[in-house]
Each structure stands twice: as structure tokens, then as C-alpha cells.
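Welcome! Here is a friendly walk through one protein chain, from its interior to the contacts between its helices. Please have a look at the sequence and the fold before reading on.

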Amino acid sequence: MAHNSSCLSILQISDSHILPEPGETLLGIDTDYYFQAVLEQAFASHSPFDLILFTGDLGQHPGRSNYQRILNTLEAYKTPCICLPGNHDDYKLMQEILNTELVSCRKQVFLGNWQIISLNSQVPGTPEGRLSDQELAFLEQCLSSHPNHYALIAMHHHCLSVNSPWMDTMMVENAQELFALINQHPKVKAVTFGHIHQAAALEAGSVRVWGAPSTCFQFQPESKQLTVVDTPPGYRLIQLFADGSLESEVHRLPKPLTGLQTDTQGY
């Protein structure tokens with residue numbers, strides 16, 4: 001996908017699971033190392049970007065140290081970045097620390113004749129996804145107030161089945177309410193999410209529905225139970241055009257993960 005001035009270019013990254021201390025590992029993986037490697041490749045190959053969209057699970061056991069390191073890493077790329085919470089994140093702490101001119105948790109951003117709307121699908125204390133009445137009302141307000149803008153919606157949890165029984169227990173449980181609302185607003189062109197640690201390209205009517213790989217370990221697609229695989233980490237590129245069309249593709253690091261412990265009972 002070539003970058004040209006008539007389109008907007010978004011880098012979606014997700015599920016970095018950055019740990020409290022540098023060099024710590026999760027399932028044998030140095031999540032900091034791969035987070036950095038994914039950003040380096042994305043910027044070397046596809047920049048400039050108009051926006052980085054970071055779709056949740058930024059931190060594993062989140063605290064000030066993880067979020068501060070994430071902030072320092074992102075700030076160095078001098079590109080606006082929107083962060084939204086996943087089930088592992090501390091949203092209050094995210095909003096406090098990821099709160100600079102470049103890197104923030106802003107829920108509505110305008111790029112050209114598009115609006116990017118970020119929703120919080122967290123159900124605190126559980127891995128499950130849900131959009132509260134407040135989030136749905138916010139979405140409705142964004143769409144109704146800007147009827148001339150095309151819309152891309154982002155959240156952490158998946159809102160369509162990915163045909164993986166253990167993972168689908170955590171999808172947005174009131175997804176039908178989300179799509180009922182979207183169906184009243186034809187300017188909504190796509191929904192993108194993280195959480196599934198794999199690439200997905202689905203459709204709901206005329207709306208494109210995308211899932212992004214993780215910047216660390218991946219989950220085996222269509223598996224019945226939690227199965228981690230050493231498929232290389234990656235990122236999703238999204239291009240938005242002025243006529244409301246859009247394109248997206250996933251890119252990965254050239255090499256599989258090293259050191260992954262696949263006999264996991266959870267993470």
C-alpha cells in the first residue's frame with residue numbers, strides 16, 4: 001500500500017503486554033523488545049503515519065513504570081497516538097500518564113473528513129468485553145453530530161466471532177446493540193480491534209471488521225482452547241480515502257518469536 005497525500009495512513013498496534021520492568025518476560029518473550037521491533041519496522045517501511053491507534057492491553061500488570069516506558073517509546077516517533085484500554089489495562093492510570101500533546105487516550109479524533117472513535121470495551125475485573133450504555137451513547141453522539149464525516153471505530157475486544165471458542169467467550173457481549181447503532185449511520189465504514197492476537201478480516205454488511213495481531217505472541221487461529229504460537233508479531237496498516245473507501249493489510253516481522261513457552265495455562 002503506497003502512501004500518498006490523498007489518503008490518511010493509520011498504524012494499528014495492539015496487545016503489547018509491556019511488563020513493569022525492562023527485560024522481564026511473559027511466556028518467555030521479552031515484550032519490550034518486540035514492541036520496539038514492530039514500531040521500528042512499521043516506521044522504516046511505511047511511514048509517515050497520520051495516526052497510531054493502540055488498541056489495548058498496553059501493559060501486563062500495569063503500573064506507572066510500564067506506561068511511562070510506553071509513553072517514552074511512542075513520543076520518540078513524533079506521531080499522534082491514541083491509546084485505548086484492554087482488559088489488562090488500568091484505564092485511570094493510562095489517562096493520567098498517556099496524556100501528552102502527541103500521546104493520549106482521546107476518544108474522538110478528526111483526520112480530514114474522517115472521525116476515529118475509540119470505545120472502552122473493558123469490564124473491569126474480567127477479561128470479557130462489553131460496551132456500556134455510556135459508550136454507546138458517546139458513539140451515537142459522535143456519529144449524529146458529524147453526519148458528513150466518515151467513521152472508523154476502534155475498541156479492544158472483538159465484536160464478531162473469530163471462530164475460536166475460548167476467545168469468543170470474551171467478545172463484546174452486546175455487539176448486536178453496537179451493530180444496530182452502526183446500521184443507522186452509513187458513514188461508519190469499519191470497526192477495528194485488538195485482543196485476539198491474530199489477524200482477522202471480517203464483514204458486517206457493508207462495514208469492514210478487522211482484528212490486529214499482537215506486537216508479542218500470537219494465538220492460534222480457530223483453536224478451541226488457549227494456544228500460543230510463534231507466528232511473528234505484526235501490525236495493521238489502515239488507509240482512509242476522502243471518498244469514504246478504505247484499505248487495510250497486516251504486516252509482520254520477518255522472523256518467528258524466539259523463546260516462546262507454548263505450554264501455557266494462561267497468562
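Which residues of the largest nonpolar core touch the most other members? In this predicted model, the residues with the most such contacts are L11, I13, L74, C83, M155 and C159, in a core of 71 residues. Helix α1 gives the most to this core, with seven residues.

C83 is a good place to pause. Leaving aside residues up to four places away in sequence, C83 touches F54, L58, L74, M94, L98, V103, S104 and C105. One of these partners, L74, is itself among the core members that touch the most others. Apart from this core lies another one, of 18 residues, with L8, L84, L111 and L152 among them.

**Salt bridges**

Next come the charged side chains. How many salt bridges are counted in the model? The count comes to four, and the table shows three pairs from among them.

| Pair | Closest N to O | Where the partners lie |
|---|---|---|
| D32 and R69 | 2.6 Å | helix α1 and helix α2 |
| R64 and E96 | 2.8 Å | helix α2 and helix α3 |
| E173 and R130 | 2.7 Å | loop between α5 and α6, and loop between β6 and α4 |

Let us take these pairs in turn. The side chains of D32 and R69 meet at 2.6 Å, N to O. D32 belongs to helix α1 (residues 31–46) and R69 to helix α2 (residues 64–75), so this salt bridge ties together parts that are 37 residues apart in sequence. Are these two partners buried or exposed? Both D32 and R69 are buried.

R64 and E96 form a salt bridge with their closest N and O atoms 2.8 Å apart. This pair links distant parts of the chain, as R64 sits in helix α2 and E96 in helix α3 (residues 91–97), 32 residues apart. R64 has a relative accessibility of 48%, so it counts as partly exposed. E96, at 46%, also counts as partly exposed.

E173 and R130 make a salt bridge of 2.7 Å, N to O. Here the partners lie in loops: E173 between α5 (165–168) and α6 (175–182), and R130 between β6 (114–118) and α4 (133–145), so the pair ties together parts 43 residues apart in sequence. R130 is partly exposed, with a relative accessible area of 30%.

**Two helices side by side**

Two packed helices are described by the angle between their axes and the distance between the axes. For α4 and α6, the axes come within 11 Å and cross at roughly 15°. That makes α4 roughly parallel to α6, and their crossing is right-handed. Which residues meet here? From α4 come L136, L139, E140 and L143, and they meet E177, L178 and L181 in α6.

**Two buried residues in helices**

Helix α4 also holds E135. This residue is buried, with a relative accessible area of 10%. Not counting residues up to four places away in sequence, E135 touches K107, S118, L119 and N120.

Y91 lies in helix α3 and is buried too, with a relative accessible area of 16%. With the same neighbours in sequence left out, Y91 touches P85, C105, K107, N120 and Q122. K107 and N120 therefore appear in the contacts of Y91 as well as in those of E135.

Key. Residues numbered from 1 in each chain as written. Predicted model: local features only at pLDDT ≥ 70, side-chain atom pairs only at ≥ 80, totals over all residues. Heavy atoms only, no water. Helix = DSSP H or I, 4+ residues; strand = E, 2+ residues; numbered from the N terminus. Buried < 20%, exposed > 50% of the residue type's maximum accessible area, 1.4 Å probe, protein only. Core = buried A, V, L, I, M, F, W, Y, C linked by side-chain atoms within 4.5 Å. Contact = heavy atoms within 4.5 Å. Axes fitted to C-alpha atoms, helices over the stretch in contact; angles between N-to-C directions. Parallel < 35°, antiparallel > 145°, perpendicular 65-115°, else oblique. Left-handed = near helix turned anticlockwise from the far one by under 90°.
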